[in-house]
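Me: Please take a close look at chain C of the model shown here. I should like one connected account, with each term defined where it is used.

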Protein chains: 4
Amino acid sequence: MSNGILKGKRGIIFGALDDKSIAWKVAELAQKEGAEIVLTNAPIALRMGTINELAEKTNSIVIPADATSMEDLTNLYEKSMEHLGGKIDFVLHSIGMSVNVRKGKQYYDMNYDWTQKGTDVSATSFHKTIRAAWDLDAMSEWGSILGLSYIASQRVFHTYNDMADNKALLESIARSFGYHYGLRRKVRINTISQSPTLTTAGSGVAGFDGFYKFSDDLSPLGNASANDCAEYCVSLFSDYTKKVTMQNLFHDGGFSNMGMSEQVMETYMKSATGKK
Amino acid sequence: MSNGILKGKRGIIFGALDDKSIAWKVAELAQKEGAEIVLTNAPIALRMGTINELAEKTNSIVIPADATSMEDLTNLYEKSMEHLGGKIDFVLHSIGMSVNVRKGKQYYDMNYDWTQKGTDVSATSFHKTIRAAWDLDAMSEWGSILGLSYIASQRVFHTYNDMADNKALLESIARSFGYHYGLRRKVRINTISQSPTLTTAGSGVAGFDGFYKFSDDLSPLGNASANDCAEYCVSLFSDYTKKVTMQNLFHDGGFSNMGMSEQVMETYMKSATGKK
Amino acid sequence: MSNGILKGKRGIIFGALDDKSIAWKVAELAQKEGAEIVLTNAPIALRMGTINELAEKTNSIVIPADATSMEDLTNLYEKSMEHLGGKIDFVLHSIGMSVNVRKGKQYYDMNYDWTQKGTDVSATSFHKTIRAAWDLDAMSEWGSILGLSYIASQRVFHTYNDMADNKALLESIARSFGYHYGLRRKVRINTISQSPTLTTAGSGVAGFDGFYKFSDDLSPLGNASANDCAEYCVSLFSDYTKKVTMQNLFHDGGFSNMGMSEQVMETYMKSATGKK
Amino acid sequence: MSNGILKGKRGIIFGALDDKSIAWKVAELAQKEGAEIVLTNAPIALRMGTINELAEKTNSIVIPADATSMEDLTNLYEKSMEHLGGKIDFVLHSIGMSVNVRKGKQYYDMNYDWTQKGTDVSATSFHKTIRAAWDLDAMSEWGSILGLSYIASQRVFHTYNDMADNKALLESIARSFGYHYGLRRKVRINTISQSPTLTTAGSGVAGFDGFYKFSDDLSPLGNASANDCAEYCVSLFSDYTKKVTMQNLFHDGGFSNMGMSEQVMETYMKSATGKK
């Protein structure tokens, strides 16, 4: 798909690790749709992934930035505006990590230092990403900032752990900052609540297969893929959606508003045998 | 349980068919908690059920009323106030029926006359129940009116059909009328979104067992029973909850905020085999 | 704006009365974006409005249809497919009317015949619009059906009256039918919850000016206009949003997630003097 | 009011600073309703307030605890169980503080160290409060844990600043931990989303008067007071609400579901003059 709906726009994309990443797909599509972009990620992610390949494909540069560092972020916006030749029209924040999840710590047994580390990386980094732009007045009027969330922010998914709390915080930051940035510069800030996605980060989580399968089965349209998500992100960066702000937008094939389907019930009851 | 928390209060209870009914349990408990009550139901339900037994147990009278008839409802309030010796403090509306569900019509194949009949009985009757009280100024200050809902009003449960739409409408009526009645008389109006419950009405629905089981398995506290619901209703009729209004209150052991649990996932994946 | 994002798509647009109508703007933009469309409205609305002018501008035909009549709707889809040369890719349902509102009946004093008439026209018509397509299998795979809603479906706005209940029902129908149509044909069904809009229909409502003003003042981006709404609708008809379904999407400059702003508070407190 | 609905129950109440505090009212009422309680607060709050007076009135002891310290909390539960003679039936967490708010830092200009301090005190302390009980298995079956929230967690109120994010996090913690504690011990965990309340903490916030007034004017039942809140808390500690868990419960006279009322509109339009 390519209709040039981002023609003339400048964007910054956080979080493209490898070609399974949502951010990777967004970068590719944004460029096809006419945008010029800058890629960024934390130094360690840059080493682990294959972002240079993406930079080449999308004719973009990579500027390393730790999204928990105001200094790095400020440098990122300054360099990006210089490179792209003007203010920024859109930003994708696709960053999240929980040390407790990684290390297999249960929610009721969390290590609070790790919790705070996760909050810094997954949620506060969103505030800082926006705020660095704010301080420099780096966003164009009617610019668009997106974060990626998951429905665990609103309902419990048993292994999602403190990432659920981080996503709730992320969604709140979108609202809180959306008010101020909307008033100041007409910049819109939203989060997409995306289906479980087969990324390198996602599929490493214990129990991911089950979430993916259940979600895919229950959603009338099936799970939204990373490609689907890129298409949706691009629409939210475009001028077609200028008055959408402070929202958490479900992009999930209908999952969020499903309670039970015929097929899922049949599968469930096949093995449910009445004991609890 | 009995602490006299409804001492001196007068109530009207709609919808006690038999001793499995939520309304039946509410009537019993309300009386134990010190209230004097009047029972009511549609003439046909009075014939099918065993409400006289309940009247005896709770030392109350039965006044027939078709809740779709303003005339019947007006008569009900007038007689109730006369019998109970004053204005009404609480009302339970536990009424719902879908002809399409009964006759096995799918949502995409509904008979619109039946749909309208279901809406009249399940939702508009709630408006009329409130409005008959309004017209007579029959509610005491700080009175409490409750309707019973189900989460299908907000998420799709595949066999719930047009009852889902009726419950959405019911919840909206609680808000809309709650505004006016709150201003006029400080009367509060809420709906309880209750777990699937093993009533005569409920358990007749196709696939009820599956809903019940899945819901019970996913809810950390298990499904709320009719007895549990009676306790909750009584608390919402009491003076402990005077500032709660226009709300849809989930009474479901946590189901509404669960996405997935360890146990449900295990059961599901046992029989899910990857095909969709 | 025109990027050809609806190139090759066929659509049906309900409810374009005159050039202030949201549906009018959608029709114009959809055509610019490459779609071929059919216009429709109820016979009486066709007489009152200026739809022929729109038909000329958008190179489309007008097929009259009363959206409460399955016969009319069936005829509409049949003729539209014939005229457009294939199945339908998108449908806009922009229909709503409350006799109680028109006649100044308060919510607590509603005429139930009028209420039912309003429900038929404003909500059940959405079910019928979808169902007529379903019966004929008239939608393409990944087609998109949109209804227009207002936040009064979820919170009380004092003069919105029974339209609030109708909109709650409309949103529920989008979910309920969205499940079935998603499974069957991958068709997505959503509602847009739009800002108060200066249409001929809207601005006739008592107190509209106040709603418009308050909403515009509280929304960080201001109210979304009919033109803005057309842009958003077009994005939701396009292939950029294929996995969004069963949602109620706020398009309101942020209003839905605002509680209070500095400016609104200042204005309010200027004339609020402590009495209630 | 006193019906003995907490007879035989043991509780811990955090956050009673002085006789305007919600926690103060809860402590008084819980004791009247038959509970035996332990009071606690941070050492600095103990010095600033008048908690000893409350201890005398309610025949209870005060055990100092900084709710950000697992050590203090563990000591609190151990001492409380010893003093009260058994496991704990209910806990009220009424703690919140934002350094950014206190120091007048805007949301877009926050000091991140202060933000983290606020999160620790206002939200993570709720996790720790629950977790200390969990580690000691200190809660009785069907026990009840309550936190206090505010609707700013879900909609923006312009001066609420990072407390909005903290409350969003608090509500998420109630859900996340509610799942685990429900399964383990049938303990329910909820938050109450309370009207603006004239406490020493609340009324110190800039612009509080305006929030209080607007909220009181828009709510059909008016704002819920600290006394009202105590009554609601007590009902949620009692056995009448055993199946309510993982919920955020609005206790606000209807505010949360109001969009606009006749009176507020009139007041607003009196001083709104069309400029934005």
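Reply: Two strands are taken to pair if DSSP finds at least two bridges between them. Strands (E, at least two residues) and helices (H or I, at least four) are DSSP runs, numbered from the N terminus. The model is a predicted one, in which local features need pLDDT of at least 70 and side-chain atom pairs count only at pLDDT 80 or more, while totals for chains, interfaces and linings use all residues. Residues are numbered from 1 along each chain as its sequence is written, chains are lettered from A and ligands numbered from 1 in the order in which they are written, and side-chain values use heavy atoms, with hydrogens and water left out.

The sheet comes first. Strands of a sheet pair through backbone hydrogen bonds, in either the parallel or the antiparallel sense. In chain C, seven strands make up an open sheet with parallel pairing, ordered β3-β2-β1-β4-β5-β7-β8. Its edges are formed by β3 (61–62) and β8 of chain C, each of which pairs on one side only. At the β3(C) edge, two bridges join that strand in the parallel sense to β2 of chain C (residues 36–40). Within this pairing, C:Val38 has C:Ile61 of β3(C) as its bridge partner.

Chain D offers a view of the other edge. There too an open sheet of seven strands has parallel pairing and the order β3-β2-β1-β4-β5-β7-β8. In chain D the edges are β3 (61–62) and β8 (248–251); each has a single partner strand, so one side of each lacks a neighbour in the sheet. Four bridges hold β7 of chain D (residues 188–194) parallel to β8(D), and D:Ser193 lies opposite D:Phe250 of β8(D).

The β8 edge of chain C leads to the interface with chain A. Counting contact as heavy atoms within 4.5 Å, 44 residues of chain C touch 44 residues of chain A. Buried area, here and below, is the accessible area (1.4 Å probe) that two parts lose on being put together, summed over both. For chains C and A this comes to about 3500 Å², 59% of it on carbon and sulfur atoms. Three residues, C:Leu221, C:Tyr240 and C:Lys243, supply 26% of the area that chain C buries against chain A, more than any other three residues.

One of these three also takes part in a salt bridge, defined as a side-chain nitrogen of Lys or Arg within 4 Å of a carboxyl oxygen of Asp or Glu. The side chain of C:Lys243 meets that of A:Asp228 at 3.1 Å, N to O. The rule finds two salt bridges across this interface. A polar contact is a pair of N or O atoms within 3.5 Å; within protein, one must be able to donate a hydrogen and the other to accept it, and residues adjacent in sequence count only if both atoms are side-chain atoms. Between chains C and A there are 20 residue pairs in polar contact, both at pLDDT 80 or more. The elements of chain C that give two or more residues to this side are α7 (162–185), α10 (226–237) and β8 (248–251). For residue classes, Ala, Val, Leu, Ile, Met, Phe, Trp, Tyr, Cys and Pro count as nonpolar, Asp, Glu, Lys and Arg as charged, and the others, Gly among them, as polar. The side facing chain A has 17 nonpolar, 16 polar and 11 charged residues.

Chain C also meets chain B, with 30 residues of chain C in contact with 30 of chain B. About 2900 Å² is buried between them, and carbon and sulfur atoms give 59% of it. In chain C, C:Tyr107, C:Tyr108 and C:Tyr112 lose the most area to chain B, together 25% of what that side buries. Two salt bridges are found across this interface; C:Asp109 forms one with B:Arg131, the closest N and O atoms lying 3.4 Å apart. Residue pairs in polar contact number 19, both at pLDDT 80 or more. Here α6 (112–136) and α7 of chain C are the elements giving two or more residues, and α7(C) gives the most, with 11. The side comprises 14 nonpolar, 10 polar and six charged residues.

Finally, the symmetry. Copies are superposed by least squares on the C-alpha atoms of residues with pLDDT of at least 70 in both. A rotation of 180° with 0.0 Å of shift along its axis lays chain C on chain B, with an RMSD of 0.0 Å. This is the relation of a two-fold axis. Of the interface residues of chain C, 100% are also interface residues in chain B, so the copies meet through the same surface. Chain C is likewise laid on chain A by a turn of 180° and a shift of 0.0 Å along the axis, with an RMSD of 0.0 Å. The same surface serves both copies, since 100% of the contact residues of chain C recur in chain A.
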